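Biologist: Before we use any of the usual labels, could we go through them slowly and ask what each one rests on?

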Amino acid sequence: MKIVHSWLLDLAKSLPDDVDAIAETLSDIGLACESVDRVGATVAGVITARVIKTERHPDAAKVHRVFLDCGDGTEHHVWCGAFNMQPGDIIPWATPGTTMPDGRAIETKPIVGIPSEGMCCSARELGLGDDHGGILILDPDTPVGVPYGKALGLAEEVVYDLDVLRNRPDAYGHVGVARDLAARFGVPFSASDGSIKATGTLKSAPVEIVAGDRCPRFTTIVISGVRVTSSPDWMASRLAAAGMRSINNVVDVSNYVMLETNQPNHAYDFERLGGGGFRIRLAREGETMVTLDDVERTLTVEDLLICDLDDRPIGLAGIMGGQNTEISDDTTVIALETAWFEPLGIMKSVQRNGLRSEASARFERGMDPYGIDASVSRFIELLRLTCPDLVVHEGAVDARTEHLPKPVVIDVRPTRVGALLGAQFSAQEIISLIAPLGFVGALHGDTISVTVPTWRPDCTLEVDIIEEVARHYGYSRLGATVPKSTQPGGLSPVQQRRRRVRDVVLGLGVSEAMPHPFLTDGDLDRAGLSNVAVRLLNPLAVGDDVLRTSLRPGLLKAVAFNESHRRSGVALFEVGHVYPPSEDVLPAEHEVLAVVLAGREAPAAVAVWRELASAMGWGARLDQSVVSAGLHPTRSATLSAGRDVVGIVGEVHPDVLDAYGISQRVAILEVNLSLLLASEPKVAQWKPTSRFPSSDIDLAFTVPTSVTAEKFEKSLRQNAGALLVDIALFDVYRTDASAESRSLAFRLRLQANDRTLTDADVAEVRDKCIAGARKLGAQLR
């Protein structure tokens, strides 16, 4: 259901002019807002053109030739697959070079060797509605050669696309939606009061209801002084935003009132109405009539007809009118019909005839049987804008039968409201919550008698009223209560730790990836890994028969794919199982976490490991003497905990990156989660945050190549002692690759919990660090 923002503001003027706030509130009160669209923006390059003639071609069965005049003195030729045009029709024409809303570029293209200049456009192609059954036919008085938006008087509108459920028929109109929003925001709501003032002589359209159970109410009123013309631009714009095409002022007002009040109506040409009145009866078996869509319908005895007093069918009740009394340019007097039909009968007729309309979609859900007067009053008010000499005649007819639904009264117990919603409400709170929605509550002892508004046929039980209380109190304010169970479930310690791992890595800005778990021949070789692996005899896809021994190939493929799409620097991780071969029948399956950081160097992967180790209570040493296959020999290390190897960290080997077509460095971390998650983590120790200032010192050393940066950093940490709160390697410099030493520069941050550090404190730490460095053969630069 399309709801126009400016239309809502007309009905509830104090609503916030905040589109996002209204969209969120609509979803919160049960009218799910699926999208917020801006419509009415025109397509540059689409202009109006007159159809000169159309021709069929013997070699093109599905298209025909359309010759157009756009006022430039040149005859333009277009191939078109829609056949609803006639010579003289004004249509929108997308000229060559136009870019359509769906991204299509319109160019001159040949069909059977004959060029086609541009494209004839339907309403849907221009974003003016869902009609794609033919080309959009404009008013015959529309000038040619002008932008179609100017010709239609289009203005940009904000439209909420709502998913309205069948049990909320009132929300199929702007009035119903505005009423709900006004109730939630606590602002005034206004709609037509239903007063109809006759200004002319007695002239009526009498009504005879034969099938009273199928048509409990049928009203008519005769209106003269009608002048059929075009509608105001604002009305045409709103109708277009709501998905309807502007036709003329009478039809547009009829549609506008239906979309606003949710009450379908139909205007008949009074002069063409046989006997000057209406007869509502069931069809005879095999009876036929031609509906407004120019289709002859064969009816059954279950179909309800609107006939004139000559018993001639002039409308399929609640679905569509007939051609024989439709409004024409010469119409000056109309008989406005507004009725209430039994919903189930309309639904069955729709299915039998395969004919669904905006009117039937509303009738089959259940309309307000007492909202007719307001819709008629609104129709007269709007039609008078284009027909200043409008005359409303005395003699309005309101025919009713005993089958007309009566207002429903429901007893509501406040204790039951509290029991279902988990929050206590007083009787007065319940009454005040539902009163803005039209529900009238009266307290009788411990029970509230609630009179349901007639536009809410969905409310028939106490629980329905309780739902209204919950909707407008706010489900989010009710809170959540977990039902008690004798056997509560829960996550195991390992599952909890695995979730914690995911949260930590996501918190570092790394996105989770899920590459294909099976590999093909050559994937392991490309990643620099051993190609000895377990193979499947019955793979899901031919070629994907290798069980992965590492998560690395899949993640590197993802990095390569992103780089090929000009997205460099991606950070991805995967938690999954690997299956290295073993001497047993089954592979040595275990769970692994792998992180790849494109465009980053080894220290970035080490930083990820340290954050994980800190958060999870893990510990491991970096051993650069052993480097895993497929990794950079001098920029990678093994993570060891005791005698167990728990992972690797570093950078992917340049040869592997070349094999995948990756031009940037890739830092990598792989850890064995099966080992790490199985161990009890160290209990986290609370450390106070110092309120005293910190001091930074930078130290640069010439360090022998045989001493790893990790070992040297460990020495600095030990010598700095308790005052060290952070250390970072910020520069590495080598004169050449064969040098026996290189320069390492570290920044140390010192801070005490009980005092501000003095120069002497800092100097003491500095001297200890220098002394420790000398023991490793390093010299201060």
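**Two helices in contact**

Modeller: Let me begin with a meeting of side by side elements in this predicted model: Arg497, Arg500, Val501, Val504 and Val505 in helix 14 meet Glu611, Leu612, Ala615 and Met616 in helix 17.

Biologist: What makes helix 14 oblique to helix 17?

Modeller: The axes of helix 14, residues 493-507, and helix 17, residues 602-616, come within 10 Å and cross at roughly 140°. An angle has to be over 145 degrees to count as roughly antiparallel, and 65 to 115 would count as roughly perpendicular, so helix 14 is called oblique to helix 17.

Biologist: Which hand does the crossing of helix 14 and helix 17 have?

Modeller: Helix 14 passes helix 17 in a right-handed crossing.

Biologist: Why is Glu713 called buried?

Modeller: The relative accessible area of Glu713 is 8%, and buried means under 20%, so the label applies to Glu713. This residue is found in helix 20, which covers residues 709-720, and, leaving aside neighbours within four places in sequence, Glu713 is in contact with Arg610, Ile727 and Phe746.

Biologist: What makes helix 5 mostly covered?

Modeller: Helix 5 spans residues 233-241, and 7 of its 9 residues are buried, namely Met235, Ala236, Ser237, Arg238, Leu239, Ala240 and Ala241. After helix 5 comes Gly243, whose phi is positive, near 95°.

Biologist: How do you know that the disulfide count comes to 0, and what keeps Cys215 from a bond with Cys307?

Modeller: A disulfide needs two cysteine sulfur atoms within 2.5 Å, and by this rule the count comes to 0. For Cys215, the closest cysteine sulfur is in Cys307, 12 Å away, which is too far for a bond.

Biologist: Are Cys215 and Cys459 buried or exposed?

Modeller: Cys215 has a relative accessible area of 0% and Cys459 has one of 2%; since buried means under 20%, Cys215 is buried, and Cys459 is buried too.

Biologist: Which stretches of the chain does the domain assignment give, and how many ångströms separate the centres of domain 2 and domain 6?

Modeller: The assignment gives domain 1 as 2-40 + 156-185, domain 2 as 46-152, domain 3 as 200-400, domain 4 as 409-475, domain 5 as 493-678 and domain 6 as 695-780. Taken over C-alpha atoms, the centres of domain 2 and domain 6 are separated by 77 Å.

Key:
Residues are numbered from 1 along each chain as its sequence is written. This is a predicted model: local features need pLDDT of at least 70, side-chain atom pairs count only at pLDDT 80 or more; totals for chains, interfaces and linings use all residues. Side-chain values use heavy atoms; hydrogens and water are left out. Domain bounds come from an automatic or database domain assignment. Buried means under 20% relative accessible area, exposed over 50%, partly exposed in between (1.4 Å probe, protein chains only). Axes are lines fitted to C-alpha atoms, for helices over the stretch in contact, and angles run from 0 to 180 degrees between N-to-C directions. Helices (H or I, at least four residues) and strands (E, at least two) are DSSP runs, numbered from the N terminus. Angles under 35 degrees count as roughly parallel, over 145 as roughly antiparallel, 65 to 115 as roughly perpendicular and the rest as oblique. A crossing is left-handed if the near helix is turned anticlockwise from the far one by less than a right angle, and right-handed if clockwise. Contact means heavy atoms within 4.5 Å.
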